[in-house]
Amino acid sequence: TDQSELLEINSDANPNQLIATHPLDFWIDKLAIHQGKLWGLVTLSFGQNQIVELDTMNDKITRSYVLPALDEGDNYRGLTSLGSKLYLLADYGNSYAIYSVAP
């Protein structure tokens with residue numbers, strides 16, 4: 001499709017049950033739960049990357065942080081939460097880099 005969707009699933013049900021579909025007007029890549037909030041990595045059409053806090057009740061972004069631009073061919077590979085920060089793993093040339101954000 002030409003639209004991204006976030007699916008809300010009840011995984012405790014047997015079989016799993018679709019609770020809601022949240023249409024998004026942007027493409028979201030990585031997801032992480034941070035301090036009870038859903039965060040994701042968004043790559044905009046012109047290559048800019050952002051970490052965004054998602055409000056699934058209203059299907060919108062409530063906060064966003066622009067990430068450092070990476071060189072061509074480098075990518076953000078992962079998003080996770082630990083303590084009070086979000087961490088991103090990125091390809092950086094022939095090695096890796098870890099970025100932290102304290103929202």
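**Exercise 1. Is Gln-35 buried, partly exposed or exposed in this predicted model, and where along the chain does Gln-35 lie?**

*Solution.* Start with the cut-off: a residue counts as exposed over 50% relative accessible area. Gln-35 has 58% relative accessibility, so Gln-35 counts as exposed. Next, find its place: Gln-35 sits in the loop between strand E3 (28-34) and strand E4 (37-43). Now look at the backbone. Most residues other than glycine have a negative phi. Gln-35 has a phi near 50°, which is a positive value in a residue other than glycine.

**Exercise 2. Is Gly-40 buried or exposed, and which residues is Gly-40 in contact with?**

*Solution.* First, locate the residue: Gly-40 belongs to strand E4. Then use the cut-off for buried, which is under 20%. The relative accessibility of Gly-40 is 0%, so Gly-40 counts as buried. Finally, list the partners. With neighbours within four places in sequence left aside, Gly-40 is in contact with Ile-28, Lys-30, Leu-31, Gln-50, Ile-51, Val-52 and Leu-79.

**Exercise 3. Which peptide bond is cis, and where is Pro-15 found?**

*Solution.* Begin with what to expect: most peptide bonds are trans. Now check omega between Asn-14 and Pro-15: the value is about 5°, and the bond is cis. To place this on the structure, look at the loop between strand E1 (4-10) and strand E2 (17-24), where Pro-15 is found.

**Exercise 4. In what order do the three strands E7, E8 and E9 form their sheet, and which are the edge strands?**

*Solution.* Take the pairs one at a time.

- E7 and E8 are joined by six bridges in the antiparallel sense; here Leu-82 stands opposite Lys-85 in E8.
- E8 and E9 also run antiparallel, with seven bridges between them; Leu-86 stands opposite Val-101 in E9.

Put the pairs together and you get an open sheet of three strands in the order E7-E8-E9, with antiparallel pairing. Strand E7 (76-82) and strand E9 (95-101) each pair on one side only, which makes them the edge strands. Neighbouring strands of this sheet are turned by 20° against each other on average, direction ignored. One last detail: the hairpin of E8 and E9 has two residues between the strands, and Gly-93 takes a positive phi near 65° there.

**Exercise 5. How many salt bridges are there, and which parts of the chain do the pairs Glu-53 with Arg-63 and Asp-91 with Arg-77 tie together?**

*Solution.* Recall the idea first: side chains of opposite charge can pair when their charged atoms come close. The count here is three salt bridges. Let's go through them.

1. Lys-30 pairs with Asp-29, with the closest N and O atoms 2.7 Å apart. Asp-29 is partly exposed, at 46% relative accessibility.
2. Glu-53 pairs with Arg-63, and their closest N and O atoms are 2.6 Å apart. Glu-53 lies in strand E5 (residues 49-55) and Arg-63 in strand E6 (residues 60-66), so this pair ties together parts that are 10 residues apart in sequence. Glu-53 counts as buried at 8%, while Arg-63 counts as partly exposed at 35%.
3. Asp-91 pairs with Arg-77, the closest N and O atoms being 2.7 Å apart. Because Asp-91 lies in strand E8 and Arg-77 in strand E7, the pair ties together parts that are 14 residues apart in sequence. Asp-91 is buried at 11%, whereas Arg-77 is partly exposed at 47%.

Key:
Residues are numbered from 1 along each chain as its sequence is written. This is a predicted model: local features need pLDDT of at least 70, side-chain atom pairs count only at pLDDT 80 or more; totals for chains, interfaces and linings use all residues. Side-chain values use heavy atoms; hydrogens and water are left out. Two strands pair if DSSP finds at least two bridges between them. Helices (H or I, at least four residues) and strands (E, at least two) are DSSP runs, numbered from the N terminus. Axes are lines fitted to C-alpha atoms, for helices over the stretch in contact, and angles run from 0 to 180 degrees between N-to-C directions. Buried means under 20% relative accessible area, exposed over 50%, partly exposed in between (1.4 Å probe, protein chains only). Contact means heavy atoms within 4.5 Å. A salt bridge is a side-chain nitrogen of Lys or Arg within 4 Å of a carboxyl oxygen of Asp or Glu.
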